[in-house]
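Morning, everyone. I'd like to talk about empty space today. Please have a look at this one.

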Amino acid sequence: MSYHKPEAKTVQDLKDLAQKLRIHSITSTQASKSGHPTSCASLAEIMSVLFFQQLRLNIKHPRDPSSDRFILSKGHAAPILYAAWAETGLFSVDELKNLRKIDSDLEGHPTPRLNFIDVGTGSLGQGVAVGAGMAYVGKNLDKADYRTYVVVGDGESAEGSVWESLHFAGHYNLDNLCVIFDVNRLGQSEATSLQHKMDVYRDRLEAFGFNALVVDGHDIDELCKAFHCAANTKSKPTAIIAKTFKGKDFPNIENLDNWHGKPLGDQADKVIKHLQGLMVNPDVKLSPKKVGKTGLAPEVDITNVKLCTPPNYKLGDSVATRLAYGTALAKIGADNDRVIALDGDTKNSTFSDKLKNVFPERYIECFIAEQNLVGVAVGAACRRRTVAFVSTFATFFTRAFDQIRMGAISQTNVNFVGSHCGCSIGEDGPSQMGLEDIAMFRTIPGSTIFYPSDAVSTERAVELAANTKGVCFIRTSRPNTAVIYNNDEPFTIGRGKVVRQKPSDEVLLIGAGITLYECLAAADQLEKECITVRVIDPFTVKPLDVDLIVEHGKQCGGRVVVVEDHYQQGGLGEAVLSALAEHRNFVVKHLYVPTVPRSGPPAVLIDMFGISARNVVLAVNAILKK
């Protein structure tokens with residue numbers, strides 16, 4: 001499609017609107033006595049053109065699945081984002097003066113408490129991944145016309161996660177994605193490493209498979225032409241590399257250091273007067289484009305996701321929970337065509353390839369780039385377009401903890417599945433062992449943590465996670481474990497199972513995953529010594545079935561032994577200890593992996609590091625002597 005230059009009046013209106021956005025950014029940060037007006041100023045023309053010349057929006061329903069997406073990755077420039085939405089008429093411009101106030105959702109960095117924000121940003125380097133996830137869904141699942149735009153600060157482009165995401169977008173030819181680099185030269189404390197070396201940015205982005213356009217970020221004509229080019233470039237994403245100046249059009253502030261994150265203070269009135277003097281029409285009003293009538297996103301239903309067939313195992317079958325995860329994933333995928341799987345090149349170990357084998361179009365390979373893997377999933381799940389399951393070795397999620405943390409702030413419903421947990425993986429050694437993962441996911445607000453012990457409970461965990469709000473984590477194991485539940489056994493979040501009991505039980509054992517079986521083996525050994533013990537499988541570590549543990553703990557004389565294939569801090573043991581802290585007359589012995597393990601056979605390792613049946617027997621005997 002050939003480019004038609006905007007009329008002179010339109011160009012002037014967009015210029016005037018850019019100055020209005022600058023003024024709003026000053027007045028709102030003055031009112032809050034904090035914020036980043038100079039970081040907003042470098043973006044003013046970009047935001048003016050984007051919101052009033054490019055983006056197709058539904059102002060009545062900002063999260064309309066068919067409308068264009070916009071992510072401000074440099075979230076500290078939130079005041080100009082809020083100003084742009086106010087100028088669209090979504091809410092009153094007067095509301096901008098409530099920026100950062102305790103009773104206002106116009107927070108210091110954007111969050112989805114606002115109905116026009118899809119994801120929280122501000123922890124830098126994450127917006128491109130989320131945008132890539134949105135764009136991937138738009139192109140390959142929704143097959144809709146909506147486009148995704150991401151504004152990245154030049155400072156945050158030093159983050160490796162940005163380049164993981166750019167590689168992903170280039171690899172998958174996401175021509176519905178446009179990434180705008182606001183190259184304003186200055187970081188928080190000094191100039192960025194590349195400053196205004198626009199050719200270096202261009203060469204790098206071209207090498208990553210982008211249509212890379214260098215523009216004057218304060219020139220309306222150049223920006224309009226670049227966005228037109230982006231919309232009409234096929235088979236590759238576009239990067240608009242905008243040369244801008246921090247504090248643009250702020251006299252004695254523009255392009256100067258030491259103004260980051262500061263309101264203008266006593267300079268504000270003088271700067272506002274200067275900006276007003278640059279405007280032809282200070283009362284300019286423009287409206288964004290509307291969502292078209294064609295190329296709309298399909299209506300989807302991601303509620304009530306079910307296993308298409310129930311679990312189908314025999315009691316005593318030996319099946320790894322990681323394998324049962326793959327089986328369940330394929331089953332819920334057959335039930336609902338919005339179930340997707342993402343993995344980081346471990347699909348034949350996590351068994352997410354079971355979905356890929358039957359529904360290849362719903363599997364997204366993210367390669368060995370876990371930060372991008374998580375960000376893409378968060379983007380893919382936005383606006384309730386998919387039910388996303390992300391899998392890799394449990395320990396590798398630690399690399400993406402910030403993305404998971406921001407996912408919770410973004411109110412995401414992504415499901416994470418970590419396999420190869422604990423020292424029970426054996427010979428691969430400590431670098432591959434997930435020993436911190438429960439602690440990490442327990443800290444996430446609103447998270448649900450499943451720790452299934454057999455194939456039946458794993459399949460039900462997957463089904464439950466698919467329908468649960470917030471971040472879910474399913475911890476799966478590498479070794480085979482025996483099926484101990486009937487195929488029709490019901491499972492509920494926050495409800496554990498008593499898997500062995502007698503009226504004579506003297507100690508309550510709590511284990512999950514492989515340690516549940518160590519508890520059961522210990523129970524057999526103890527019975528030969530005329531000691532009977534009760535065994536609980538918690539099923540979920542968060543929420544923990546506190547009532548069940550208290551009830552059965554009391555029946556066992558308040559003696560509890562918790563065994564887990566995890567470090568001491570933050571895992572199942574500390575969850576139990578925390579739950580019992582408010583109750584009198586309990587004594588808890590906690591068995592855990594006490595130090596960095598080593599390579600070796602799984603059975604040898606779990607004994608060497610203190611979590612085997614032999615160690616459980618010793619702990620029971622010790623607690624009975626107290």
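I'll take cavities, then pockets, then one helix.

This is a predicted model, so to speak of local features we need pLDDT of at least 70, and side-chain atom pairs count only at pLDDT 80 or more, while totals for chains, interfaces and linings use all residues. Numbering starts from 1 along each chain as its sequence is written, and side-chain values use heavy atoms, with hydrogens and water left out.

Terms next. On a 1 Å grid over the protein atoms alone, a cavity is a set of points where a 1.4 Å probe fits but cannot get out. A pocket is an open set with protein on both sides within 12 Å along at least five of seven lines. Lining residues have an atom within 4 Å of a point.

There are five cavities of 30 Å³ or more. The largest holds about 120 Å³. Its lining has 17 residues, with Gly 120, Gln 126, Val 130, Met 406 and Ser 410 nearest the centre. None is charged: five are nonpolar and 12 polar.

Now the largest pocket, about 390 Å³. Sixteen residues line it; Gln 54, His 228, Ala 231, Asn 232 and Lys 289 lie nearest its centre. Helix H8 (220-231) gives the largest share, four residues. H3 also supplies at least two.

The second largest pocket is about 340 Å³. Nearest its centre are Arg 63, Arg 383, Arg 384, Ser 410 and Gln 411. Its lining splits into five nonpolar, five polar and five charged.

Finally, H3, residues 44-54: 11 of its 11 residues are buried, meaning under 20% relative accessible area (1.4 Å probe, protein chains only). Gln 54 is among them.

Technical notes. Grid points are joined across faces, edges and corners, and a volume is the space filled by probe spheres set on the points. Ala, Val, Leu, Ile, Met, Phe, Trp, Tyr, Cys and Pro count as nonpolar, Asp, Glu, Lys and Arg as charged, and the others, Gly among them, as polar. Buried means under 20% relative accessible area, exposed over 50%, partly exposed in between (1.4 Å probe, protein chains only).
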